[in-house]
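Visitor: I am new to this structure. Please pick one part, look at it closely, and then show me some of its surroundings.

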Amino acid sequence: MAPKVFDVIVVGTGAGGGMAIKTLCEAGLTVCALNSGRRLRPAKDFRNHRQPYDMTYRGFGDPRKRDRYYHIENEYSDGLWEHGITYTTAPGTSWEWPRCHAVGGKTNFWGRSAARMGEIDFKAATLDGGYDTDWPVSYVEIAPYYSRVERLIGVASTVQNRPSNPDGEYLPPMKLRCLDHILKGGCDTLGVPYLPDRLAQLTVPHEGHPPCHYCGNCTEGCDTGSFFSTPWFLLPAAEKTGRLELRTNAVARSVLVDEGGRARGVAYVDRETKQEAEVHAKAVVIAASCVESARILLNSRTRDWPNGLANSSGQVGQNLCDHLYGTTGYGYLPQLLGQPSFPDNVSASQVVWMPRWQNLGGAPREKFIRGYSIYPTGGCGEFPWYEKEIEGFGSQLKRDIKRYYPTPVSFYCQIPSLPRRTNRVEIDPEVKDAYGIPVVRVHFQWGPNELLMWEHAKRVTADVIKASGAEVWGAGKEPYTPGWSLHETGTLRMGNDPKHFVTNRFGQTHDVPNLFACDASVFLGCSDKTTTLSILAFSLRTSEYLIERLRTGAL
Amino acid sequence: MAGQGIERREVLRVLAIAAGASGYPGFHRWAFACGHGTDAPLQVRPARYTPRFFSAEEYAAIERLAELIIPSDGTPGAREAGVAEFIDFMVASDPGVQFRFRYGLTWLDAYGERLLGRPFRALEQEGQSELLGQLAYRDRHRPGEEEGREFFRLVREYTLMGFYTSKVGLQQLDYPGLRIYGESPGCPHPGDPGHRNLQAPKV
C-alpha cells in the first residue's frame, strides 16, 4: 500500500498551527498535525485550582530543578516546558527561550491580552520616516480576520477610539478595581490613558465555553476553558471533522523537498523512541513559533538549498524581534492600607493597560521612534511579595504584612525591539539537541531605541505612582532577559520582494509555492501589542489562501 | 446557551477533581494546618516530626526562629502552620542552601555567646529577640555582622514562604483567590474613586 499523502501537514499546534488545523479541516482537507510534546489532560495537568499547600513544594517547585526553570515555569506546570531541545547564544547574547511542548503550546498559559495591531503598526516605517519597511498588508485588509477571530475566541474590552488601537468586537469588560480607580486618577492628571485591556478571557458564556470564574491562577492553565487556548477552542472542531491526524511527541527535523523544488513532507523524530519518521502531504504549513520555524527551514538544507529551504533571500532567521519587558516601577497605595482583602487580583491578568500614547501623530515627537504600552497590576495576590519592603520580625511584621496586603501595585512595559540585522538566529555548526538535530544559535541585543523607551517608561511610571497619591518602592534596574516576553517575531518576514523577504503577503514562501508559515515569524516587527490575536488572524488568512490555491489547482 | 447552573456544576466538579488529585499527604502539621474542609481546633497535638536535614538541636533553633519571626500572638503563627517542617523539607531538598543554614545557625550561637554570654539556642525569648533585633533593622546594623544579617534574611524569607503558603497563613491574609466568583469583582466604593475617605480599618 502506498503511504498516505495528506492534503496538508501542519507543524505546531499553538495559536497559528491550531487556527490552520481547524480552518483546513473544516474546509474538507485532510491534515496531519505534528506536535513535539504530548497532549494535556486539563483535570490532571492543570493544577491551577490547588492551593499552594496542596503542592509538594508549595508551588515553588523542587529546588533541585528550579534553577533550570524558565521564568514562567513552576511546580504547577512542571514537565510541560521544553528542556530537551536546547539552544546556544552568541557571545554577548542572553536569551531565554521558554517553549511549551504540550499540545496547544504557549496558548495554554498565555497572558490573554489580545489587542489588534493597526495601521500605525503596519505602516510604521513610513510614519516614522523610513526605518525598516512597512508590512505588505494594510489594516483594512486584515480587519475582517481580526473580527472573525474575536467572535471565535471572545475578547472582553470597550470601544476606546484610540489612534494606535483599532477597536474590535468585544464582550463586556472586566470591572475596574479599587486600585484601577486610584491609578486612573493619576493617569488622568498626566494625560496618560488607563483603560480596560483587550482581554481574551470570557466575561460571559461564549460559543459553548463557560465564563471565567475569577479563581486567579490563569497562567497555570485554565481547566474550565474560559480563555482562549488551542486545545479548548480550535482542536475540538478540527477533530470533529474526522480529517485530523494529530501526531504527538513528533519533533520536526526538516521539510522534505522533491526534485521539482516543492515541499513533499516533513521528517521528524519521535521524542520517546528517538525513531526517525516521515509524513507526506501536498502542502506544508510551519507554525512551530518563529525561532523554531526558522530552525526547521535552516535545517532543511539540500544540494539545491545549501543555505536552508526557501532561503534564496538569505533572510531565514533574520530580523528577530522581541518585546522588552521589565518592571518599570512598583509601590503601594496608602489609600488602601488596612482595608479588608478584596478579590482584585483574581483574574491573574492585566484587566487594564496603558496603551501606547507616544508618537501618535506621524513624525516622532519623542527621542525614540514608534511606541510602547504599560500594564499595571496589583492587589491581593497569592503571596505577599512586598514583604521585602517591610523590615523586622514578630507581631509587628505580621500586622504590617496584613495591613499592606491590598495595597501593592506594579507596572511592566511592553516595548517593541526594532528589526535589526544583528538580531537573528542561525544553526550552530557544532551543537545538536537531545534528538540529534542541530540547534539554533541566537544573536540578540536590545538596541538604543528600546532602551530609550525603557527609561521613558520608568519615568512615566514613577510619575503615575506619585500622581495617584501612591508611594514608590522601586523599579527594575535592568529589563528582563531578551526572550522573556515569549513574543518573538520575525525570521520569515513577509514582503512583496523575494530578494528581501522569505514569504509573500499571504505567508507563502516565495521560493517553495506549497510551503507556508502561520506563526509570528512572518511579522515585520512586534509593535507594542501582544502577538497571539494577530497570529490567529494572519493564520486564518493564510489558511484560506492555501485552501483556495489547492482548490483551484494553483499548487 | 447552556445555563449558568450547569457551568457552575462543571466548575465544582473540576475543583473536586483538583482537590482529590492533590495526592501529596503533607507532613503531620502541614496536613493538620492545611486539611480541607475541617475546622479542627488548632490545639490538637500532632505526632512528633523527625527532621530530614537538621539535627534535633538545629531543628529546635529553626523552630524558635520561625516562631519569633511569625509568632502565635492571638492569631496562629509559624508554629501552627508547621513552618519549621516546611523549612526542613525545603532545605533537605536543596543542597545549594544547606551550608548557608548550617553555617548561619553556628554563627548565631557564637553571636549569642559574644553578646549575651550564651548560645542563641540556650537563651530565653527576650535574649533571642534582642539578637534578632540587631540583625533585622537597618538602623541597628553594625559592621562585621553582615553574615548574621544575611542569615536572618534567609530564615525570614523561608519562614514567610512557609507561613503564607500554609492554610492558616492564607486565611490570615484572607487570600481571595482560588474561589469562585459569579462576575468580575469590581471596586465596592463607587462613591469614592480616589479612595480618600475609606472607613478606617478596625484594629
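Guide: What follows starts with one strand, then turns to a sheet, a chain contact and a helix pair.

This is a predicted model, in which local features need pLDDT of at least 70, side-chain atom pairs count only at pLDDT 80 or more, and totals for chains, interfaces and linings use all residues. Residues are numbered from 1 along each chain as its sequence is written, while chains are lettered from A and ligands numbered from 1 in the order in which they are written.

Start at strand β8 of chain A, residues 276–286. A word on terms: helices (H or I, at least four residues) and strands (E, at least two) are DSSP runs, numbered from the N terminus. Two strands pair if DSSP finds at least two bridges between them. Such pairing uses backbone hydrogen bonds, either parallel or antiparallel.

Take the partners of β8(A) in turn. Strand β1 of chain A, residues 5–11, runs parallel to β8(A), and 6 bridges join them. Here I9(A) stands opposite V284(A). Strand β7 of chain A, residues 263–270, runs antiparallel to β8(A), with 5 bridges. V266(A) has V279(A) as its bridge partner. β7(A) and β8(A) form a hairpin with 5 residues between the strands. In that hairpin, K274(A) takes a positive phi near 60 degrees. Strand β18 of chain A, residues 515–517, is joined to β8(A) by 3 bridges, and the two run parallel. V285(A) stands opposite F516(A) in β18(A).

Now a sheet elsewhere in the chain. In chain A, 4 strands form an open sheet in the order β12-β13-β10-β16, with antiparallel pairing. β12 (373–378) and β16 (471–474) of chain A stand at the edges, each with a single partner strand, so one side of each has no neighbour in the sheet. From one strand to the next, the twist averages 30 degrees. Inside this sheet, 9 bridges join β10 (residues 323–332) to β13 (residues 408–416) of chain A. One bridge pairs Y330(A) with S410(A) in β13(A). Helix α12 of chain A, residues 448–467, lies across β10, β12, β13 and β16 of chain A. This helix runs at about 20 degrees to β10(A). Axes are lines fitted to C-alpha atoms, for helices over the stretch in contact, and angles run from 0 to 180 degrees between N-to-C directions.

Next, the meeting of the chains. Two residues are in contact if their C-beta atoms, placed from the backbone, lie within 7 Å. The contact takes 59 residues from chain A and 56 residues from chain B. On the side of chain A, the elements that give two or more residues are α2 (42–45), α3 (63–66), α7 (178–190) and α11 (395–404).

Last, chain B itself. Chain B has 9 helices and 0 strands. Of its 203 residues, 37% count as buried, meaning 20 or more other C-beta atoms, placed from the backbone, lie within 10 Å of a residue's own. Look at one helix pair. Helix α7 (residues 125–136) and helix α8 (residues 146–163) of chain B pack at about 100 degrees, with their axes 8 Å apart. α7(B) and α8(B) are therefore roughly perpendicular, a label for angles of 65 to 115 degrees. L132(B), L135(B) and A136(B) in α7(B) meet G148(B), R149(B) and F152(B) in α8(B).

Note on methods: Buried ≥ 20, exposed ≤ 12 C-beta atoms within 10 Å, placed from the backbone. Parallel < 35°, antiparallel > 145°, perpendicular 65-115°, else oblique.
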